[in-house]
Amino acid sequence: APGNGGVAHAAHHHGHSYAAPGDDAEGYSGHVHSAPLVPVDVPLSPRDFTAVKNFCKERNVVLAVVGQEQLLREGLADELRAVGVPTFGPSQAAAEVGSASAFSRPFLERCKVPLAA
């Protein structure tokens with residue numbers, strides 16, 4: 001799922017796909033392959049980690065997808081995994097490394113990875 005402007009959290013459960021859009025993606029609906037994403041019909045903010053965890057646990061979600069970079073850096077994927085919800089998205093540590101140009105640029109240069117000017 002895309003970052004800002006896209007789906008912040010998607011969850012799949014027994015043939016149903018739920019999407020909780022980020023603040024800037026109100027009313028988002030789209031498709032992942034052929035499975036429609038249906039906006040969550042409950043007051044749920046992806047930034048309320050406790051509510052997201054409870055939502056996933058109560059509905060026995062089989063896969064949660066965290067796509068918004070800010071939520072990844074804040075550790076939502078880690079929190080979901082910690083309560084047993086299978087989650088697609090990097091750990092908080094990996095998200096911080098990937099988003100921190102102060103760290104990533106020198107690292108990529110040391111590894112001789114070509115970079116844009």
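## Model confidence

This is a predicted model. The protein has a mean pLDDT of 74, and 62% of its residues reach 70 or more. Among the elements, helix 3 (residues 76-82) has the highest mean pLDDT, at 96. The lowest value, 47, belongs to strand 1 (residues 7-13).

The pLDDT stays below 50 over residues 1-9, a stretch that nevertheless has 39 contacts in the model beyond near neighbours in sequence. Residues 23-29 also have pLDDT below 50, and their contacts beyond near neighbours in sequence number 14. Where pLDDT is low, the predicted coordinates should not be read in detail.

## Salt bridges

The structure holds 4 salt bridges, including the three described here. The side chains of E79 and K53 are joined by one of them, with an N to O distance of 2.8 Å. This pair connects distant parts of the chain: E79 belongs to helix 3 and K53 to helix 1, with their positions 26 residues apart in the numbering. The residue E79 counts as partly exposed because its relative accessibility is 30%. By contrast, K53 has a relative accessibility of 17%, so K53 counts as buried; the cut-off for that class is under 20% relative accessible area.

A second pair lies within helix 2 (residues 69-74), where R73 and E69 are 4 residues apart and therefore separated by about one helical turn. The closest N and O atoms of their salt bridge are 2.9 Å apart. R73 is partly exposed, with 27% relative accessibility, and E69 is likewise partly exposed, with 40%.

The salt bridge of E58 with R59 has its closest N and O atoms 3.7 Å apart; the cut-off applied to such nitrogen-oxygen pairs is 4 Å. E58 has a relative accessible area of 61% and is therefore exposed. For R59 the relative accessible area is 24%, so this residue is partly exposed.

## Backbone with positive phi

Two residues are described here for their backbone angles. N60 is not a glycine, yet its phi is positive, at about 50°. This residue is located in the loop that runs between helix 1 (49-58) and strand 6 (63-66). With a relative accessibility of 53%, N60 counts as exposed, since the class begins over 50%.

K112, which is not a glycine either, has a positive phi of about 60°. Its position is in the segment that follows helix 5 (101-110). K112 counts as exposed because its relative accessibility is 71%.

## Nonpolar surface patch

Which residues make the nonpolar surface patch? V62, L63 and F88 form this patch, which covers about 290 Å². F88 is part of strand 7 (residues 87-88), while L63 falls within strand 6 (63-66). The relative accessibility of F88 is 56%, and this residue therefore counts as exposed.

## Summary of the picture

Confidence differs along the chain, from a mean pLDDT of 47 in strand 1 to 96 in helix 3. Helix 3 also contributes E79 to the salt bridge with K53 of helix 1. After helix 1, the loop leading to strand 6 contains N60, whose phi is positive. The surface of the model includes the patch of V62, L63 and F88.

How values were computed: Residues are numbered from 1 along each chain as its sequence is written. This is a predicted model: local features need pLDDT of at least 70, side-chain atom pairs count only at pLDDT 80 or more; totals for chains, interfaces and linings use all residues. Side-chain values use heavy atoms; hydrogens and water are left out. pLDDT is the predictor's confidence in each residue, from 0 to 100. Helices (H or I, at least four residues) and strands (E, at least two) are DSSP runs, numbered from the N terminus. Contact means heavy atoms within 4.5 Å. Patches are made of residues with over 30% relative accessible area and no salt bridge: like charges are joined within 9 Å, nonpolar side chains (Val, Leu, Ile, Met, Phe, Trp, Tyr) within 5 Å. Accessible areas come from the Shrake-Rupley method with a 1.4 Å probe; for residues, only the protein chains shown count as cover. Buried means under 20% relative accessible area, exposed over 50%, partly exposed in between (1.4 Å probe, protein chains only).
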